[in-house]
Amino acid sequence: MSGLFYIALGALERQMSFEEKSAWIMGVLAAATYAVYLAVVFGLACTMPLTEVPYVAPLLWTVGASIGLSIVLHLVIRALSAKDAGMKDQRDKEIYRFGEYIGQSFLVVGAVAALLLAMAELDHFWIANVIYLAFVLSAILGSVAKVVAYRKGFQPW
């Protein structure tokens with residue numbers, strides 16, 4: 001029984017690598033800024049039809065905020081963990097590649113969906129939002145895959 005607590009305590013004391021912290025930042029920021037975007041767009045949709053909502057400015061502001069916050073947070077974690085920042089071992093590289101491959105699948109799905117919407121001549125609102133959703137899902141899924149690989153282990157095939 002005491003061995004169980006020792007393992008749990010060891011897990012709590014484990015330091016996150018810079019790359020794992022980066023994955024957390026990217027996933028959380030993607031979800032948070034997309035939630036802000038949806039709140040703004042749906043808030044404006046209360047007064048007008050959804051496809052007439054001026055979505056371009058909120059989309060650009062949330063994407064810009066996500067990029068800016070990502071840069072600032074990465075600089076902060078790089079400064080706080082200066083000894084391991086920028087150092088990647090083979091496992092970090094493989095986990096990064098694995099997460100990117102997983103995340104990129106949503107970009108492909110989103111591109112195909114946007115292409116189909118364009119062929120159906122749907123409103124630009126829907127096409128732009130499908131593409132934005134694909135980017136967000138790509139970032140979230142890629143980050144989740146990386147965090148799970150760091151936490152649960154990673155077995156390259």
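The chain has five helices and zero strands. The model is predicted. The exercises below work through its fold, contacts and largest pocket.

**Exercise 1. The fold**

Task: State the pattern that the chain follows along the sequence, and say what share of its residues counts as buried.

Solution.
- Step 1. Read along the sequence. The pattern is α-α-α-α-α.
- Step 2. Turn to burial. Of the 157 residues, 30% count as buried.
- Step 3. Look at sequence separation in the contacts. Take the contacts with a separation of 6 or more; residues 24 or more positions apart account for 80% of them.

**Exercise 2. Salt bridges**

Task: Find how many salt bridges the structure holds, and place the partners of E20 and K146.

Solution.
- Step 1. Recall the principle. Side chains of opposite charge can pair when their charged atoms come close.
- Step 2. Count. The structure holds two salt bridges.
- Step 3. Start with E20. Its partner is R151, and the closest N and O atoms are 2.5 Å apart. E20 lies in helix α2 and R151 in helix α5, so this salt bridge ties together parts 131 residues apart in sequence.
- Step 4. Check exposure for this pair. The cut-off for buried is under 20% relative accessible area. E20 has 0%, so E20 is buried. R151 has 46% and is partly exposed.
- Step 5. Move to K146. The side chain of K146 meets that of E100 in a salt bridge, at 2.7 Å from N to O. K146 belongs to helix α5 and E100 to helix α4, and the pair links distant parts of the chain, 46 residues apart.
- Step 6. Check exposure again. K146 is buried at 11% relative accessible area. E100 is partly exposed at 26%.

**Exercise 3. An aromatic cluster**

Task: Classify the ring pair of Y37 and Y132, then describe the surroundings of Y132.

Solution.
- Step 1. Choose the descriptors. A pair of aromatic rings is described by the distance of the centres and the angle of the planes.
- Step 2. Survey the structure. A search of the whole structure finds five aromatic pairs.
- Step 3. Apply the descriptors. The ring centres of Y37 and Y132 are 5.0 Å apart, with planes at 80 degrees. Planes over 60 degrees apart count as edge-to-face, so the pair is edge-to-face.
- Step 4. Place the partners. Y37 sits in helix α2 and Y132 in helix α5, 95 residues apart.
- Step 5. Test burial. Y37 is buried, with a relative accessible area of 0%. Y132 is buried too, at 7%.
- Step 6. Extend the pair. Ring pairs link Y34, Y37 and Y132 into a cluster.
- Step 7. List the contacts of Y132. Leaving out residues up to four places away in sequence, Y132 touches T33, Y34, Y37, L59, T62 and V63.
- Step 8. Add a backbone distance. The C-alpha atoms of Y132 and G110 are 8.4 Å apart, with these positions 22 residues apart in sequence numbering.

**Exercise 4. A glycine in α4**

Task: Decide whether G103 is buried or exposed, and name its contacts beyond four places in sequence.

Solution.
- Step 1. Locate the residue. G103 lies in helix α4.
- Step 2. Read its accessibility. At 1% relative accessible area, G103 is buried.
- Step 3. Find its contacts. Beyond its neighbours within four places, G103 is in contact with S138 and G142.
- Step 4. Take a C-alpha distance. G103 and F135 are 32 residues apart along the chain, and their C-alpha atoms are separated by 8.7 Å.

**Exercise 5. A positive phi**

Task: Identify what is unusual about the phi of E121, and locate E121.

Solution.
- Step 1. Recall the norm. Most residues other than glycine have a negative phi.
- Step 2. Compare. Phi of E121 is near 55 degrees, a positive value in a residue other than glycine.
- Step 3. Locate the residue. E121 is in the loop between α4 and α5.
- Step 4. Check its exposure. E121 is exposed, with a relative accessible area of 70%.

**Exercise 6. The largest pocket**

Task: Give the volume of the largest pocket and describe its lining.

Solution.
- Step 1. Take the volume. It is about 600 Å³ for the largest pocket.
- Step 2. Examine the lining. There are 29 lining residues, and M26, A30, F135, S138 and A139 lie nearest the centre.
- Step 3. Assign elements. Those giving two or more residues to the lining are α2 (18–44), α3 (56–80), α4 (90–119) and α5 (124–152). α5 gives the most, with nine residues.
- Step 4. Sort by class. The lining has 14 nonpolar, 11 polar and four charged residues.

Definitions and conventions. Residues are numbered from 1 along each chain as its sequence is written. Side-chain values use heavy atoms; hydrogens and water are left out. On a 1 Å grid over the protein atoms alone, a cavity is a set of points where a 1.4 Å probe fits but cannot get out, and a pocket is an open set with protein on both sides within 12 Å along at least five of seven lines; lining residues have an atom within 4 Å of a point. Grid points are joined across faces, edges and corners, and a volume is the space filled by probe spheres set on the points. Helices (H or I, at least four residues) and strands (E, at least two) are DSSP runs, numbered from the N terminus. Ala, Val, Leu, Ile, Met, Phe, Trp, Tyr, Cys and Pro count as nonpolar, Asp, Glu, Lys and Arg as charged, and the others, Gly among them, as polar. A salt bridge is a side-chain nitrogen of Lys or Arg within 4 Å of a carboxyl oxygen of Asp or Glu. Buried means under 20% relative accessible area, exposed over 50%, partly exposed in between (1.4 Å probe, protein chains only). Contact means heavy atoms within 4.5 Å. Rings of Phe, Tyr and Trp (its six-membered ring) pair if their centres lie within 6.5 Å; planes under 30 degrees apart count as stacked, over 60 as edge-to-face and the rest as tilted.
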